[in-house]
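Here is a quick walk through a protein model, written for someone who would rather look at the structure than at a table. Have the viewer open as you read.

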Amino acid sequence: MGKAQKKTGKGRLDKYYKLAKEQGYRARSAFKLIQLNKKYSFLESARCCIDLCAAPGGWLQVASKYMPTNSVIVGVDLVPIRAIPRVVTFASDITTQQCRNLLRNELKDWKADVVLHDGAPNVGTAWVQDAYSQSELVLMSMKLAAEFLIKGGTFVTKVFRSADYNNLIWVFNQLFGKVEATKPPSSRNVSAEIFVVCRDFLAPKHIDPKFFDPRHVFKELSMSVPADEQSVAAQKNAQVNVFQPEKKRRQRSGYEEGDYTLYKEAGAAEFLRGPDAVTFLGTYNKITFKTDEEKEWLNLDITTPDVKANCDDLKVLGKGDFKALLKWRTAIREEIGLENKSKDTEEITETVEVTEEVDEEEQIQQELERLNAEASARTKRERRRANEVKTRTIQRMQLRMVAPMDIGMEQNDDALRGQDDIFELDDAEKALRGKRSGAGYDDDSEDDSEEEADEDNEVLDEDEERERKVAGLEAELDGLYDAYQEHLRERDAKWKVKEARRKSKAHEEWNGIGKGGDDAESDKEEGGYEKIQRKKARLGEDSSDEETSDEESEEEEEEADEPAAGKKRRADGPAESGSKTKKARVASKVQEPKVAAPLSRSAELWFKQGLFADVDAEIEDDDEEEEEEVSEEEEEVDEAMSGVEEAALNDEDDYNDFEIVPQDASDDDMDMWDVEGEDEDEIKQAKIRKHGLTTAEAMTLATQLVNREKTRTELVNSGFNRYSLNSKDDLPPWFLDDEEKHYKSNIPITKEAVDALRAKMRALDARPIKKVAEAKARKKFKAAQRLEKTLKKAEGVNETTDLTEREKAKQIEKLLAKGAKTKLKKDIKVVVAKGANRGQKGRPTGVKGRYVMVDSRMKKELRAKKRKEKANKKRKRT
Ligand SMILES: C[S@@+](CC[C@H](N)C(=O)[O-])C[C@H]1O[C@@H](n2cnc3c(N)ncnc32)[C@H](O)[C@@H]1O
């Protein structure tokens, strides 16, 4: 069936149809006027407009919308027009005197600035439209325009491209200053209509009535193309219609003389018997089956429903459909022996016919080949582009340009190694679906049931395999996501500080060398890559590190086996971890004996036990010969560890002792409940008590509460919204993380709340900072001290008996003046060691008092020193 165009009833429902519906226009043609007006802007300045042939009123709606508010708009049509605000309408034939009188009555002395004409004869009764009648209608509308238009006015009319077209344009040119023909985008390409915008009406005092006489106009100015030329052009056009139906052609050469119909039907007999099938298909709209013979063909098996549908509307067919119709034609011709008959009687005609057929086939074949070549070129181009993108991505990742690319890197690594990459997840699923549907299809056949069963088993195996693969990939993805999150957090300074605090806390509350704890710690320390490698190893995918994976899988088995695993494992803790990592531990001790992390109190207690003391002592004694004696130490450590293991296994009390490692009970409790988010509310309350409200949302809510705009219950109730009761079960962590950021209700904020918050911030800004306040207080304190001292001295002077009152007063005055005086800092003069001062030893000439010599080198060195100090401080903090 035709795919080139959408077949929907009479009007192919295009975007303008939908737009018209959306915007409330009565006809899609409204957009033609909108587009014409956009190009020529005649409506905005018009005060009076006449729309001839205006039903159902699309153009009137546009005129009403674009013209000034108090302008006059009159619409005429054969059929009544539903009322439109600000528009006067009446039903009349525009070719009659009555219409002229009605217009005159309506407008009185007014002249129209714009006359519009979108008339089409017989519209609504049949598809067949007579171009000649259209031209006549145009001429009549122009006659009315000439009578009612103001000088300089605009006349817009629709004409069909036909032999009369040039004659009409000639007439327009006699009456208007500017005449332009245009086809707005909303006018369908298949339509022969064209719009002529005639501007700057000349308003001649006397117009020759011959200008409006159709017989005269179309006869005298006829410039028809020779008939044979026209038919050749039409034939060419028709053939192109079939070979390239997707290309829309305009009837540039107009229509054949005497053939103005746009819609053409022909019987199937003409198609089958005619010499030029291709031209036929490109010319007609429909193949009919009216005669008895044709009806018989319709009932033949080879006339499939597709063929029938194709015959119904040839204008919407694609190349494939035309090809099918040509094949059907050949088949029917063979069926009814038409080709043989012609061979017998008209050999020459047949020869021509066959050559033509071959040519048609060849042309179609060539066309198909061309399309195939184009398609493969396109695919190649796309593949190349995809490769380029991939390469670029890898480069970016290598340059560490984007953080999330770390994830992609792994995927690409796999891809580069030729292994399955992440994108196969999708493919795998697709393949799975494909297989399933394939299996379903096979089920239908009854003969090969055994084979099917085998196939099903195979499919099932493959399914399992794929599911495992998909699960593996998902696990890997999860690991990658965790690693990515870790990476992001590590880059976050705040997180670092938090993490450092948490770690120091964790050291203090160490609970022995538990296996789980060990793992958790190593999880934190290792990067994403190690994590993935381990996961891979667990999934048995990584063959590179067999030993590790074997070891770990053994451990996992052990974990799974033991029923009293929990208890035992804790008891085994130190021994197990010792046996697992003893070599590594000894090695690390050998390599970095002095940089071991400081132990927490409880850890110290544990390691103070005799057996560790022995081991440590030995290790310390042999400090210099460590590297050579690693194996010996290993043995000793092994022994010590096995001792611990035995002791822990055999002696339940020991196990209990181990459990009750001295811990501060209150601390323990607190930590146990200090889960993230658990006491969030309290923290928030404390923060609010300390700093007050700091967000506009909170401030808004508080103001609402205070002003009694909202009750407490209302506030609580509004907390239960669609964001609050979402089930988070079985949702992947990345999704939840994302939801946390974006899936929350927006609490409205008020201007007043924002202003209040700003005022608060300003007040905070205005407050002196702590250091300044301290300095001021220091200054005050020192002044008070000085005053006290001076007063004491003054008292002493007062009590002296050998001085006269006058002398006493003088001395006290002096003391007070001295006490009130603040010590001025002595000025240190900075002397730059350049020019005459370069290389100067001793005091530079002309400088009195304290001085300091500086030079550019010193400046740089000082700066470098400060920089270093700053960096060191930072490093220490982290
Ligand atoms: C394509 S429609 C016009 C659509 C209109 N511009 C709109 O946007 O709604 C053509 C109209 O011309 C009208 N018509 C055809 N011959 C006419 C005549 N002699 N006098 C008046 N109207 C005529 C038809 O009744 C038809 O409604």
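## S41 and its positive phi

S41 is exposed: there are 12 other C-beta atoms within 10 Å, and a residue counts as exposed at 12 or fewer. Bear in mind that this is a predicted model. You'll find S41 in the loop between helix 2 (30–40) and strand 1. The backbone there is worth a look, as S41 has a phi near 45°, a positive value in a residue that isn't glycine.

## R86, another non-glycine with positive phi

Now go to the loop between strand 2 (72–77) and strand 3 (87–91), where R86 sits. R86 isn't a glycine either, yet its phi is positive, at about 70°.

Is R86 buried or exposed, or something in between? R86 has 14 C-beta neighbours inside 10 Å, so it counts as partly exposed. The buried class starts at 20 such neighbours.

## A cis bond before P56

The peptide bond running from A55 to P56 is cis, and its omega is near 5°. P56 belongs to the loop between strand 1 (48–52) and helix 3 (58–66).

## Around the ligand

A55 turns up again at the ligand, where it is one of the closest residues, along with A27, C53, G58 and D118. Altogether, 23 residues surround the ligand.

What does that shell look like by class? It has 14 nonpolar residues, five polar ones and four charged ones.

## Helix 29 and the glycine after it

Further along the chain, helix 29 covers residues 680–691, which is 12 residues. From first C-alpha to last, helix 29 reaches 16 Å, close to the 16 Å expected at 1.5 Å a residue. The number of buried residues among its 12 is zero, so helix 29 lies largely in the open.

If you're scanning along a helix like this, keep the geometry in mind: an α-helix has 3.6 residues a turn, so residues three or four places apart point the same way.

Right after helix 29 comes G692, with a positive phi near 80°.

## The whole protein

Stepping back, the protein has 36 helices and 11 strands. How much of it is buried? Of its 878 residues, 18% are buried.

As for how the chain comes together, take the contacts between residues at least 6 apart in sequence: 65% of those join residues at least 24 apart.

Note on methods. Residues are numbered from 1 along each chain as its sequence is written. This is a predicted model: local features need pLDDT of at least 70, side-chain atom pairs count only at pLDDT 80 or more; totals for chains, interfaces and linings use all residues. Helices (H or I, at least four residues) and strands (E, at least two) are DSSP runs, numbered from the N terminus. Two residues are in contact if their C-beta atoms, placed from the backbone, lie within 7 Å. The expected span of a helix is 1.5 Å times one less than its number of residues. A residue is near a molecule or strand if its C-beta atom, placed from the backbone, lies within 6 Å of it. Ala, Val, Leu, Ile, Met, Phe, Trp, Tyr, Cys and Pro count as nonpolar, Asp, Glu, Lys and Arg as charged, and the others, Gly among them, as polar.
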